[in-house]
Each structure stands twice: as structure tokens, then as C-alpha cells.
Amino acid sequence: MDRTGGSGGGSDRRQTEESKPLLGEMSAPEGNKMGAAPCRRTLLHCNGMRYKLLQEGDIQVCVIRHPRTFLSKILTSKFLRRWEPHHLTLADNSVASATPTGYMENSISYSAIEDVQLLSWENAPKYCLQLTIPGGTVLLQAANSYLRDQWFHSLQWKKKIYKYKKVLSNPSRWEVVLKEIRTLVDMALTSPLQDDSIHQAPLEIVSKLLSENNNLTTQDHESIIVAIAPLLENNHPPPDLCEFFCKHCRERPRSMVVIEVFTPVVQRILKHNMACFTNFTESLLFGQDFGKCPRLRLFTQEYILALNELNAGMEVVKKFIQSMHGPTGQCPHPRVLPNLVAVCLAAIYSCYEEFINSRDNSPSLKEIRNGCQQQCDRKPNLPLRLLHTSPDLVSQEATLTESRLKPVIVTSNEIHVEVERNNTANQKMTANVGNDSEPNLIDCLMVSPTCSTMSIELSAQADRILGCYVEILKMLSDYDDWRPALASLLQPIPFPKEALAHEKFTKELKYVIQRFAEDPRQEVHSCLLSVRAGKDGWFQLYSPGGVACDDDGELFASMVRVCNNVHILMGSCYKTKKFLLSLAENKLGPCMLLALRGNQTMVEILCLMLEYNIIDNNDTQLQIISTLESTDVGKRMYEQLCDRQRELKELQRKGGPTRLTLPSKSTDADLARLLSSGSFGNLENLSLAFTNVTSACAEHLIKLPSLKQLNLWSTQFGDAGLRLLSEHLTMLQVLNLCETPVTDAGLLALSSMKSLCSLNMNSTKLSADTYEDLKAKLPNLKEVDVRYTEAW
């Protein structure tokens with residue numbers, strides 16, 4: 001196949017397809033990207049002015065009917081015929097006037113225009129152009145030379161495009177067709193007109209040609225792709241052309257056209273395609289531009305699958321992802337990640353599409369929770385469905401025979417689901433009977449209502465697609481700058497429930513969730529939790545007992561640690577307690593089991609539950625204590641907790657002064673020595689104004705249980721210390737933070753100090769929004785000083 005329009009046969013090209021080093025192409029230098037030089041022509045433009053393609057405009061018109069032999073005499077005539085003003089429209093087929101009268105009573109077809117040329121002569125109006133038609137001439141007079149040239153180039157373009165549409169609509173010899181396509185492309189590249197339609201029009205012509213001719217050979221395919229390649233560098237391919245490209249990727253994934261021509265096209269799609277989301281799940285699957293033209297997404301999807309079919313497989317895909325991210329630590333193209341995620345999610349969705357479309361055979365979410373009719377009452381050939389017992393089995397649970405407890409296997413053409421019924425699940429189902437609320441997705445998968453084990457088998461093709469795109473998600477999670485945005489995009493769990501019930505999928509995706517759990521940034525940690533109240537998140541999906549948990553809770557422990565740290569760093573005692581309460585209600589058993597095995601995170605969690613009085617039941621408290629004392633780390637941390645509580649009780653018992661003022665320029669060490677020298681259980685008023693104390697002294701201040709008034713004026717006490725105070729000094733009534741470095745991050749934590757009645761935030765970094773939030777959450781607040789702040 002001739003890729004350059006010159007020498008080189010198709011046999012030589014096909015011979016090198018398998019032997020050319022594809023991995024090297026992905027890292028080719030800028031001047032020869034992806035080895036594409038042989039199939040590209042340089043974009044050539046005419047020197048001089050550039051013009052926008054005219055669609056309509058005002059111009060003077062004069063029509064002269066004459067034999068061609070007398071043309072020169074008429075044009076040189078001293079007295080020219082009259083001119084008529086018209087508003088002309090350059091339609092796809094003809095030139096027409098908005099007022100079809102006079103000279104322009106009838107439109108002029110482009111096929112009737114024999115020639116278009118600029119015109120000038122002595123003693124005649126300036127800025128004219130001549131349209132030669134059978135039996136006469138149409139003269140157009142513009143207001144200036146620029147408009148004249150703009151009309152000239154626009155008319156030429158419209159006339160030529162009309163001609164190519166006619167020529168390529170009825171192809172006879174493909175050698176001629178290919179030549180005409182190349183000429184058309186060259187015309188678009190060299191045109192002085194600058195308009196999106198200049199490159200789009202040839203692409204649409206070729207797209208229509210390909211859609212109407214399905215009997216082309218592979219060599220014809222590749223020749224056409226190579227011919228139009230220069231136009232694709234700055235333009236998205238039309239829908240029919242995308243379908244043609246998809247077909248080529250599927251049928252010829254090892255063709256060098258995939259690397260040389262399609263790579264820059266896909267790169268442009270990913271860099272410039274808009275992904276402004278409205279409805280989250282649909283927008284992730286399609287994106288804004290993908291929704292308008294979903295074949296762009298399908299083409300990108302098929303291109304990546306074609307890369308995966310090469311000898312190096314995922315290594316080539318990895319190099320492509322690297323090329324999209326760039327060599328620096330920060331990707332310069334903000335649209336690349338959302339678009340890649342949208343392509344991945346759509347591809348994963350397609351793997352389960354057959355089963356998603358057949359959900360009319362499956363029980364609803366309410367039926368899953370409450371039980372539904374027996375399987376024999378449902379339609380046959382049920383693909384991926386969660387089987388469950390009928391409601392009458394609840395009352396007959398004690399008389400279930402051994403035969404009815406055997407695993408049930410439901411087979412479809414591509415998928416098998418195995419469900420083991422057990423009494424524990426039936427009890428959970430019984431507890432939920434009568435609840436009309438729609439259950440959460442994760443609840444359905446974890447306890448629905450008799451499901452303990454599942455085994456899913458996809459077709460070989462679907463399995464390859466799934467493996468490829470889950471691997472891409474893993475690659476994306478390895479980039480530090482992409483990880484926060486990726487975590488945010490995946491936080492709502494935008495996968496079908498069939499995927500979440502698939503063991504292979506959740507096992508492979510675990511790597512991504514682990515990367516989120518290991519990331520030290522709070523904006524990544526928070527995405528492990530649910531996106532809103534009442535909706536489960538990755539934290540619940542990978543918890544012990546969840547369908548995705550396969551590691552005895554190791555990932556769950558990591559997520560518990562970071563989720564607890566998130567709430568502590570957010571400075572909210574209320575949120576910390578709420579998180580611990582949720583663990584105590586739903587995951588106390590797994591937490592104690594992991595603590596029993598020496599997991600330090602779970603030991604810390606159990607100690608916090610005791611410290612915050614989360615557990616009310618005495619027997620449960622004793623069980624937690626026994627669990628802590630069963631390991632060395634648990635015993636040590638429990639003893640530290642007991643010591644802290646004993647110190648508080650001892651301070652309260654011993655009493656001490658009620659007022660204390662620390663000398664100016666005192667440090668954290670000075671305060672620590674002072675408080676350790678005596679009893680301060682009765683201390684109610686402490687002034688640290690104009691000292692050098694910092695947030696580090698907070699660990700000593702929280703040991704003052706009777707403290708009601710604290711003056712920190714002009715100290716270096718910051719947000720970290722303020723968060724700690726808000727968790728422990730809940731009886732504090734007066735707090736002076738004037739001229740301290742506290743910000744909104746720390747001030748928001750004060751919302752848990754409900755006893756505050758006087759608060760001085762003069763000359764701090766308080767914002768107006770935080771001030772309004774504090775006023776709403778502190779009902780007893782009567783005196784507030786916000787001078788010299790944004791809220792003033």
C-alpha cells in the first residue's frame with residue numbers, strides 16, 4: 001500500500017506490520033510522533049491573508065447576457081449596466097438571494113458556474129469578481145478588496161465541495177476515488193479559509209462514502225485512512241468515520257495505521273473532549289461530548305483494545321497512558337483523566353451489559369431485602385441474579401430439609417451464579433421483613449438475603465476487555481497528581497451491581513482502593529467514605545463480610561485508620577464520635593477480631609470507643625477490654641487510657657487554684673512544668689496572653705477538667721491545638737483567640753463547644769462563612785469580637 005502517494009507497495013507494508021518495534025513508537029521524538037511521518041503531509045497554507053468562510057452577506061450584483069465573443073467589448077464599455085443590491089446566501093447547492101427579484105430571481109447552481117475569477121479593468125467599479133455561467137456573466141461588487149477576496153475564496157470552496165460530493169457519491173474506480181480524496185484533502189490544507197467546516201466538510205464526504213460502500217478491501221481502508229490523516233490532526237472524526245475506525249481497530253489491531261494515524265487522533269480526543277458532568281453516572285460513562293457523539297468514546301475504547309492486542313500488550317497501553325500524562329509530575333491537560341475514566345467505566349459497563357439489560361427478570365432491591373417469589377415463578381435463563389428464599393421459608397426455617405440447603409446453580413449462556421443458603425442470612429432477612437425503604441446497593445450484595453458465595457464467569461472477550469480497563473484504572477491510580485481526582489470520580493461507586501458481585505473485578509479493583517488508603521492526602525482519604533449520608537461507599541464494600549473482602553480485613557483496617565484520621569484532622573469531635581458509633585453498630589465484631597490478631601489500628605479504635613463512651617453495654621465493654629488485654633500492643637494502649645482517666649479523676653479530687661496567669665514569654669515547657677508541679681483540678685480561669693506557647697501545650701490544657709475561661713491573646717496557638725481543645729474542654733465558656741494564627745480550619749472545630757458564651761476572634765483569619773456557621777451552631781454565644789477579620 002502506498003502511504004506517501006509515491007513509491008512503496010502494499011506487500012512491503014504488510015510485511016513490516018508484525019516486525020516493526022511498536023513499543024519504540026510510543027516514545028518517538030516530537031518530530032516523528034508514533035512513527036507517523038510516512039503517512040502525514042505537512043499542513044500547507046497559502047501565504048497572505050486568511051478569511052472566514054462566508055455563508056451569507058450583502059453585495060452588489062450585475063448580470064450581463066452576451067455571446068462570449070463580445071465579452072471583452074462589454075467589459076471595456078464606458079457605461080456599464082445597472083447594479084442591484086442583494087443579500088446572497090451560499091447554500092450547499094447554489095447561490096440564492098434573500099429577495100429573489102431582478103438579476104437574482106432564480107438561484108445560481110454551483111454546477112452552472114463554469115469559472116470564478118477576480119476582475120479589474122480601467123474606468124470601471126473596483127473590487128469585482130466574475131462568475132461565468134452559460135450565456136452570460138454574473139458580476140459581484142464588494143465594498144473593499146478584503147470582502148471581494150473573501151467572496152472569491154468562499155465561492156470557490158463551495159463550488160469545489162459541491163463537485164467532490166457529486167464525484168464521490170458514485171464511485172466507479174477506487175484508484176480514481178483515492179486520487180480525488182487526496183486532492184480534496186490537499187485543497188482543504190492549502191485553503192486560505194479558516195473555519196471549522198473547512199476540514200470537517202472533506203471528512204464528512206469521506207465518512208458518507210465509507211458508510212455507503214461496505215465492500216472495500218483492507219488495502220482500500222488503509223489507503224483512505226492515510227489520505228485523510230492530516231485533516232484529523234485538529235478535528236474530531238464524524239460519527240460514521242468513527243464507526244469505520246472502530247471496525248478497522250477490531251479487524252486489523254496490528255496494522256501500523258492504528259499506531260501511526262489513530263494515536264494522535266485519540267490523543268486529541270482525550271485532551272480536548274469536554275467532560276463537564278451533570279448526571280454523575282451517565283456523564284462518567286459518556287461525558288458531555290461523548291454524550292453528543294458516543295462513537296468518539298467507542299473509537300477510543302476500540303483503539304486501546306487494539307493496543308492491547310499487540311505483542312507487548314499492556315506495556316504498549318501503559319506507554320500510551322504515560323504519553324497522555326506527560327513527563328512531568330503534573331499533567332498539563334485537565335480533561336485527560338476524566339475522559340480516560342469515562343472510557344474505562346463505559347468499557348467495564350459493556351462487559352455486563354447483557355445482564356444489566358435483563359434486569360426485568362431479576363428481583364428489585366426491595367425484593368432482595370425482603371425476599372421474593374420462588375425461582376420457579378420467574379422467567380427462565382436468569383443471568384446474574386441474586387437468588388433468595390421465598391417469604392414462606394422464613395416461617396419454615398426450622399423444618400428446612402437438607403436437600404433445600406444445597407447450593408443452587410443458575411446457568412445462562414455466559415455467566416454462572418452459585419448461591420449458598422444459610423440460616424444466618426435467613427435471620428438477617430427476617431429482621432428486615434416489613435421494611436419498605438429501598439436498601440443500599442452494597443447491602444443487597446453483602447446480605448441479599450441468603451447470599452454467601454458467588455462465582456461469575458464472563459465470556460473470553462468480555463474478560464479481556466474487563467482485564468484491560470481495570471488495569472488502566474490501576475495505572476491511573478499510580479499517578480500522584482491524578483489520584484485525588486480519580487478518587488473523587490470513583491467515590492459514588494459508578495459501577496453496575498453485576499460488576500460489584502464479580503469476584504475478579506473487585507479483587508483487581510482492590511489495588512486502586514489500596515492506593516487511596518495509602519495516600520496521605522485528606523482529599524483522597526475522604527473519598528473512601530460514602531458520597532452522602534445513607535449511601536454506602538468503598539469502606540463498606542471492602543469491610544469484613546462484604547462481597548469484596550478477601551484479605552481478612554487488612555484493607556478494611558487501613559481504611560478505618562485513614563477514615564478516622566480524616567475526622568480527627570477535620571477537627572470535629574462530633575464527626576469522630578459519629579464514625580466510631582457507626583463502627584460500633586455495624587463492624588464491632590470485625591474490629592475486635594482484627595484487634596485480637598494484633599492489628600494496631602483496630603486496637604486504637606477500640607480504645608477510642610472506650611474513651612468517648614461509645615459502648616453503653618457493660619458486657620460489650622468488658623469484652624473489648626478482654627480483647628485489648630490479649631495482645632501486648634492492646635495491653636499497653638489500654639493501660640495508657642486508664643492512666644489518662646485516673647489523672648483526670650485525681651485532678652478533680654485534689655482540687656487546686658481557680659485562677660492562674662502565666663508570665664509573658666513563657667513557653668510550652670514552662671507551662672508543662674507548672675502544671676506538673678501541683679494540683680489544678682479546680683482551675684477555672686487560665687491566662688496565657690502574650691506568652692510563647694503553641695498548639696503543643698494543648699495536650700496539657702485538656703487535663704484541666706474544670707477550665708471555663710482560657711485567654712490565648714497574642715500567642716502562637718494554632719488550628720491543631722484548637723481541634724484538640726474542642727474535643728476535650730467541652731465545658732469551656734470564655735475563649736480569647738485575639739491575634740492568634742488560627743484559621744477557618746481550626747475555628748470550625750469550636751462548633752462542638754456548646755457551652756461557649758464569649759468568643760474573641762479579633763485579628764484572626766476568620767471568614768464570613770465560618771462566622772455564620774459558628775453563630776448557628778453555638779446557641780449560648782452572646783459576646784463575639786470579629787474586628788479586623790473578613791467577617792467584620
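Begin by selecting Leu131 and Val138: Leu131 stands opposite Val138, which belongs to strand β7. The model on display is predicted.

**Strand β7 and its partners**

Extend the selection to β6, residues 128–133, together with β7, residues 136–141. The two strands run antiparallel and are joined by six bridges. They form a hairpin with two residues between them. In that turn, select Gly135, whose phi is positive at about 80 degrees.

Next, add strand β1, residues 56–65. β1 pairs with β7 in the antiparallel sense, again over six bridges. To locate the register on this side, select Arg65, which stands opposite Gly136 of β7.

With both partners shown, colour β7 by accessibility. How many of the residues of β7 are buried? Six of its six residues are, and the strand is described as mostly covered. Display the side chains to see which way each residue points. Gly136, Val138 and Leu140 point one way, while Thr137, Leu139 and Gln141 point the other way, and all are buried.

**Helix α12 against α8**

Move to helix α12, residues 294–308, and show helix α8, residues 239–251, with it. The two pack at an angle of about 15 degrees, with their axes 9 Å apart. Angles under 35 degrees count as roughly parallel, so α8 is roughly parallel to α12. The crossing of α8 past α12 is left-handed.

To view the contact, select Pro239, Asp240, Cys242, Glu243, Phe245, Cys246, Cys249 and Arg250 in α8. On α12, the residues that meet them are Arg295, Leu296, Leu298, Phe299, Glu302, Tyr303 and Ala306. By class, this contact of α8 with α12 has ten nonpolar residues, five charged residues and no polar ones.

**Helix α12 against α9**

Keep α12 in view and bring in helix α9, residues 256–272. The axes of α9 and α12 come within 10 Å and cross at roughly 135 degrees. The two helices are therefore oblique to each other. Their crossing is left-handed.

Which residues make the contact of α9 with α12? From α9, select Val258, Ile259, Phe262, Thr263, Val265, Val266, Ile269 and Leu270. From α12, select Leu296, Phe299, Thr300, Tyr303, Ala306 and Leu307. Colouring by class shows twelve nonpolar residues, two polar and no charged in the contact of α9 with α12.

**Two loops with a positive phi**

Most residues other than glycine have a negative phi. The next two stops depart from that pattern.

Select Glu739 in the loop between β13 (734–736) and α35 (744–747). Glu739 is not a glycine, yet its phi is positive, at about 60 degrees. Is Glu739 buried or partly exposed? Its relative accessible area is 41%, and Glu739 is partly exposed.

Continue to Ser763, placed in the loop between β14 (758–760) and α36 (768–777). Ser763 also has a positive phi without being a glycine, with a value near 60 degrees. Its relative accessibility is 30%, so Ser763 counts as partly exposed.

**Asp785 in strand β15**

For the last stop, select Asp785, which lies in strand β15, residues 783–785. Asp785 is buried, with a relative accessible area of 15%; the cut-off for buried is under 20%. Show the neighbours of Asp785 as sticks: leaving aside residues up to four places away in sequence, Asp785 touches Leu759, Asn760, Met761 and Asn762.

Technical notes:
Residues are numbered from 1 along each chain as its sequence is written. This is a predicted model: local features need pLDDT of at least 70, side-chain atom pairs count only at pLDDT 80 or more; totals for chains, interfaces and linings use all residues. Side-chain values use heavy atoms; hydrogens and water are left out. Axes are lines fitted to C-alpha atoms, for helices over the stretch in contact, and angles run from 0 to 180 degrees between N-to-C directions. Helices (H or I, at least four residues) and strands (E, at least two) are DSSP runs, numbered from the N terminus. Angles under 35 degrees count as roughly parallel, over 145 as roughly antiparallel, 65 to 115 as roughly perpendicular and the rest as oblique. A crossing is left-handed if the near helix is turned anticlockwise from the far one by less than a right angle, and right-handed if clockwise. Contact means heavy atoms within 4.5 Å. Ala, Val, Leu, Ile, Met, Phe, Trp, Tyr, Cys and Pro count as nonpolar, Asp, Glu, Lys and Arg as charged, and the others, Gly among them, as polar. Buried means under 20% relative accessible area, exposed over 50%, partly exposed in between (1.4 Å probe, protein chains only). Two strands pair if DSSP finds at least two bridges between them.
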